[in-house]
Amino acid sequence: MIIMATQTIWISAACAVLLLCGAAHGQSDCPTGWNVFNNRCFKLVTYHATFHKAQEACEFENSHLASVHSAAENNFIHGLVRATGFYAQGLWIGGSDDGSEGVWYWIDGSPFNFADWSPGQPNNFGDEDCLMMSPYDHLRWKDLRCDFAMPFVCSTRSHKPQMTDVISCKP
Ligand SMILES: [Ca+2]
Ligand SMILES: [Ca+2]
């Protein structure tokens, strides 16, 4: 029990130190060129890339193709798109069913707990495994073949320090 109590105190202390360090280094803000919403950072990238090249570009900036977990986040992305005049284009976000047909997941590993499918979608027409916001239905979602090239949205899972990250630092 003494060992467990000591470990608990050690972890608590480490969490407190890391949270303080995080705050001191400004982790509550998104990098320049990114937009904050719901404690996450989002960025619209306007050049055209395939789904997998787009994901690589997001990873280069320590993010993923965007996951969307609420109507509020969905609407926030719509706002980014409309503000930049790219409403007429389709956009990749980070959903895929390439592992098991019809089982959709977010490429950043977060739960697929919200969807805004366009009527009749996803239909896997010609083997479509990647998720886009459709310009033909007010940016509602469609599945599409992953090798199409279009603008895309990156997001971070969170910009707050995670307790799991702290605990993984334990020697
Ligand atoms: Ca599919
Ligand atoms: Ca489709």
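This section describes the confidence, the overall architecture and one local site of a predicted single-chain model.

Confidence in the prediction was considered before the fold. The mean pLDDT of the chain is 82, and a value of 70 or more is reached by 75% of the residues. Two stretches fall below 50. Over residues 8-27 the pLDDT is below 50, and this stretch nevertheless has 14 contacts in the model beyond near neighbours in sequence. Residues 160-171 likewise have a pLDDT below 50, with 13 contacts in the model beyond near neighbours in sequence.

The secondary structure of the chain consists of four helices and eight strands. Along the sequence, these elements are arranged in the pattern α-β-β-α-β-α-β-β-β-β-β-α. The pattern thus opens and ends with a helix, and a run of five strands precedes the final helix. Of the contacts between residues at least 6 apart in sequence, 67% join residues at least 24 apart. Burial was assessed over the whole chain: 26% of its 171 residues count as buried.

At the local level, His52 was examined in its structural setting. This residue belongs to helix α2, which spans residues 51-60. His52 is classed as partly exposed because 16 other C-beta atoms lie within 10 Å, a count between the limit of 12 or fewer for an exposed residue and that of 20 or more for a buried one. The C-alpha atoms of His52 and Leu65 are 9.2 Å apart in space, while the two residues are separated by 13 residues in sequence.

Notes. Residues are numbered from 1 along each chain as its sequence is written. Chains are lettered from A and ligands numbered from 1 in the order in which they are written. This is a predicted model: local features need pLDDT of at least 70, side-chain atom pairs count only at pLDDT 80 or more; totals for chains, interfaces and linings use all residues. pLDDT is the predictor's confidence in each residue, from 0 to 100. Two residues are in contact if their C-beta atoms, placed from the backbone, lie within 7 Å.
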